[in-house]
Amino acid sequence: MKLIAANWKMHKTPSEAREYVNKFLELYEAKQGREVLICPPFTSLCAVQETLEGSEIKLGAQNCYYEKEGAFTGEVSLKFLKELGCSYVIVGHSERRHIFGESDEIINKKVVACLEEGIRPIICVGEKLEEREAGITFKVIENQLRLALSGVENYTDRVDIAYEPVWAIGTGMPATPQDAVAVHRFIRDLIKVLNPESGMNFRVLYGGSVKPDNAKEFTKYREIDGFLVGGASLKPETFIEIVNAFKDVN
Ligand code: PGA
């Protein structure tokens with residue numbers, strides 16, 4: 001099943017979120033073979049959850065902390081997110097890695113905590129421009145993925161992966177579908193090595209400047225299991241177009 005996820009980042013107050021979801025639900029047509037996910041900021045999770053009530057659209061968070069509770073000022077645990085109805089959490093987004101200095105070790109702890117809590121992590125990986133230019137894209141992806149999944153390699157059917165080249169995020173310059181497909185194949189092959197028993201029950205999403213006018217092109221490739229959408233998910237009218245790009249795809 002394809003997964004199309006909206007990452008609102010630090011946008012939308014609870015009232016703005018309610019307005020968005022109401023509009024989106026008017027435009028949304030349920031279709032088999034695709035799952036839609038909205039990841040608002042923590043402070044709008046409740047508003048989105050209440051407004052989505054009764055719909056099949058899923059709720060997710062953009063980040064989490066790996067401890068269950070305790071003296072961790074400002075942090076939000078998976079136990080809290082679960083009670084709010086979150087079934088997904090984005091882990092290791094490039095902005096977490098590069099603006100907030102999140103290490104591979106922390107990302108791994110978050111992945112482990114998600115699995116313990118029964119919340120599906122969307123693990124983000126992606127190379128920087130200088131790494132692509134140096135020809136080490138696959139090496140970077142392999143390293144990030146091996147470390148993120150360290151100790152939980154047998155549970156790859158409980159995670160999804162988002163390939164988001166750092167240079168494509170928020171720049172209006174997406175990867176070409178061919179370049180994305182090459183990395184998606186590499187990720188699948190790597191997971192087969194890490195977990196030979198894996199039933200391939202995970203998805204590899206593409207993220208980075210996905211827009212209504214380029215989404216369809218990506219959907220032609222079976223390696224693209226969905227999208228993680230930032231900027232273009234902020235308006236219901238554009239996000240629905242991206243969701244509908246998968247209309248006829250299984
Ligand atoms: P973008 O962001 O669609 O605005 O490039 C994607 C992401 O950061 O997940």
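Which strands does helix 5 lie across, and at about what angle does helix 5 run to strand 4? Helix 5 lies across strand 4 and strand 5, and its direction is at about 170° to that of strand 4. Keep in mind that this is a predicted model. Here are my notes, working from the barrel out to a few single residues.

1. Start with the big picture. Eight strands close into a barrel, and going round it the order is 1-2-3-4-5-6-7-8, with parallel pairing. On average, neighbouring strands of this sheet are turned by 25° against each other, direction ignored.

2. Now look at how the early strands are joined. Strand 1 (residues 2-7) runs parallel to strand 2, and six bridges hold the pair together on paper. If you want one pair to click on, N7 has C39 in strand 2 as its bridge partner.

3. Carry on to the next pair. Strand 2 (residues 34-39) and strand 3 (residues 58-61) also pair in the parallel sense, this time over two bridges. Here you can pick L37, whose bridge partner in strand 3 is K58. Between these strands comes helix 2 (residues 45-52), and strand 2, helix 2 and strand 3 make a right-handed β-α-β unit.

4. The pattern goes on with strand 4 (residues 86-91), which runs parallel to strand 3 and is joined to it by three bridges. A61 has V89 in strand 4 as its bridge partner. To get from strand 3 to strand 4 the chain passes through helix 3 (residues 78-83), and this β-α-β crossover is right-handed.

5. Back to helix 5 (residues 104-117). It has 14 residues and reaches 20 Å from its first C-alpha to its last, close to the 20 Å expected at 1.5 Å a residue. Right after helix 5 comes G118, and its phi is positive, near 75°.

6. Which residues of helix 5 are buried? They are I107, N108, K110, V111, A113, C114, L115 and E117. Notice that K110 and E117 are on that list along with I107 and V111. The cover over these buried residues includes helix 3, strand 4, helix 4 (94-98), strand 5 (120-125) and helix 7.

7. Helix 7 deserves its own point. Two packed helices are described by the angle between their axes and the distance between the axes. For helix 5 and helix 7 the angle is about 45°, and the axes are 8 Å apart. Because of that angle, helix 5 counts as oblique to helix 7. On the helix 5 side of the meeting place you will find D104, I107, N108 and V111, and on the helix 7 side Q144, L147 and A148.

8. While you are at helix 7 (residues 137-148), have a look at T137. Why does T137 count as buried? Its relative accessibility is 8%, and buried means under 20%, so T137 makes the cut. Apart from neighbours within four places in sequence, T137 is in contact with E127, E131, R132, Y163 and V183.

9. Last, compare that with L84, which sits in the loop between helix 3 and strand 4. L84 has 26% relative accessibility, so it counts as partly exposed. Not counting residues up to four places away in sequence, L84 touches L45, C46, Q49 and L59. Another residue to find from here is F42: along the chain F42 and L84 are 42 residues apart, and their C-alpha atoms are separated by 9.9 Å.

Methods:
Residues numbered from 1 in each chain as written. Predicted model: local features only at pLDDT ≥ 70, side-chain atom pairs only at ≥ 80, totals over all residues. Heavy atoms only, no water. Helix = DSSP H or I, 4+ residues; strand = E, 2+ residues; numbered from the N terminus. Buried < 20%, exposed > 50% of the residue type's maximum accessible area, 1.4 Å probe, protein only. Contact = heavy atoms within 4.5 Å. Pairing = 2+ DSSP bridges. Right-handed = clockwise from strand over helix to strand, strands pointing away. Expected span 1.5 Å × (residues − 1). Axes fitted to C-alpha atoms, helices over the stretch in contact; angles between N-to-C directions. Parallel < 35°, antiparallel > 145°, perpendicular 65-115°, else oblique.
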